[in-house]
Amino acid sequence: AFIRVPKRRQEPSYYEVVSNPIDLLKIQQKLKTDEYDDMEDMTEDVELLIKNAKAFYKRNTQEYKDACELWDLFVTTKNR
């Protein structure tokens with residue numbers, strides 16, 4: 001669900017709710033091109049991805065639950 005942001009044509013309401021969209025492909029691209037100066041920069045992008053998902057998807061949806069799980073996994077892995 002987070003690999004790509006929804007297409008504007010298919011999900012225009014996403015762009016009404018989310019002002020700064022980001023997806024996992026963008027994060028991966030930034031990793032590959034060494035755009036992150038440190039772990040905090042990457043953490044900010046992952047946090048933005050999660051906040052966007054939580055803002056757009058309702059609490060009882062699988063996407064919302066997946067966003068929560070992804071954040072927990074990220075934080076756990078980062079802390080190792």
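**Figure 1. One helical turn inside α3.** Because Lys51 and Glu47 sit 4 residues apart in helix α3, about one helical turn separates them. Keep in mind that this is a predicted model. The two side chains meet in a salt bridge, at 3.8 Å from N to O. How exposed are the two partners? Lys51 has 51% relative accessibility, so it counts as exposed. Glu47, at 31% relative accessibility, counts as partly exposed.

**Figure 2. Helix α3 from end to end.** Start with the length of α3: at 1.5 Å a residue, its 18 residues should span 26 Å, and the end C-alpha atoms are indeed 26 Å apart. Which residues of α3 are buried? They are Met42, Thr43, Asp45, Val46, Leu49, Ile50, Asn52, Ala53 and Phe56. And what do the buried residues of α3 pack against? Their packing partners are α1, α2 and α4.

**Figure 3. A look into the nonpolar core.** The largest nonpolar core is made of 17 residues, and Ile27, Met42 and Val46 have the most contacts inside it. The elements giving two or more residues to this core are α1 (12-17), α3 and α4 (62-79). Of these, α3 gives the most, with 6 residues. Zoom in on Met42 and, once you leave aside its neighbours within four places in sequence, you'll find it in contact with Ile27, Leu31, Tyr36 and Phe74.

**Figure 4. Thr43 and its surroundings.** Thr43 belongs to helix α3, which covers residues 39-56. Is this residue buried or exposed? With a relative accessible area of 6%, Thr43 falls under the 20% cut-off, so it is buried. Which residues does Thr43 touch, not counting those up to four places away in sequence? Trp71, Phe74 and Lys78 are the ones it touches. Phe74 also turns up among the contacts of Met42.

**Figure 5. A group of aromatic rings.** The structure holds 4 aromatic pairs. In one of them, the ring centres of Tyr14 and Phe56 are 5.0 Å apart and the planes stand at 75°, so this pair is edge-to-face. Tyr14 lies in helix α1 and Phe56 in helix α3, so the pair ties together parts that are 42 residues apart in sequence. Tyr14 has 5% relative accessibility, so it counts as buried. Phe56 is buried too, with a relative accessible area of 18%. Phe56 also forms an aromatic pair with Tyr57, again edge-to-face, with 5.0 Å from centre to centre and 80° between the planes. Like Phe56, Tyr57 is buried. Step back a little, and ring pairs link Tyr14, Tyr15, Phe56 and Tyr57 into a cluster.

**Figure 6. An arginine over a ring.** Tyr15, a member of the ring cluster, has a charged neighbour. Arg8 lies over the face of the Tyr15 ring, at 4.0 Å from the ring centre.

**Figure 7. A buried salt bridge.** Side chains of opposite charge can pair when their charged atoms come close. A search of the whole structure finds 3 salt bridges, and this view shows the one between Asp45 and Lys30. How far apart are the closest N and O atoms of Asp45 and Lys30? The distance is 2.8 Å. Asp45 is in helix α3 and Lys30 in helix α2 (residues 24-32), so this pair links distant parts of the chain, 15 residues apart. Both Asp45 and Lys30 are buried.

**Figure 8. A salt bridge from α3 to α4.** Here the side chains of Glu40 and Lys78 meet in a salt bridge, with 3.1 Å from N to O. The pair links distant parts of the chain: Glu40 sits in helix α3 and Lys78 in helix α4, 38 residues apart. How exposed are these two? Glu40 has 43% relative accessibility, so it counts as partly exposed. Lys78 is also partly exposed, with a relative accessible area of 33%. You've met Lys78 before, as one of the residues that Thr43 touches.

**Figure 9. Asp34 in its loop.** Where is Asp34? Look in the loop between α2 and α3. Asp34 is not a glycine, and yet its phi is positive, at about 55°. Its relative accessible area is 64%, so Asp34 is exposed.

How values were computed
Residues numbered from 1 in each chain as written. Predicted model: local features only at pLDDT ≥ 70, side-chain atom pairs only at ≥ 80, totals over all residues. Heavy atoms only, no water. Buried < 20%, exposed > 50% of the residue type's maximum accessible area, 1.4 Å probe, protein only. Contact = heavy atoms within 4.5 Å. Core = buried A, V, L, I, M, F, W, Y, C linked by side-chain atoms within 4.5 Å. Phe/Tyr/Trp six-rings, centres within 6.5 Å; stacked < 30°, edge-to-face > 60°. Lys NZ or Arg CZ within 6 Å of the ring centre and 35° of its normal. Salt bridge = Lys/Arg side-chain N within 4 Å of Asp/Glu carboxyl O. Expected span 1.5 Å × (residues − 1).
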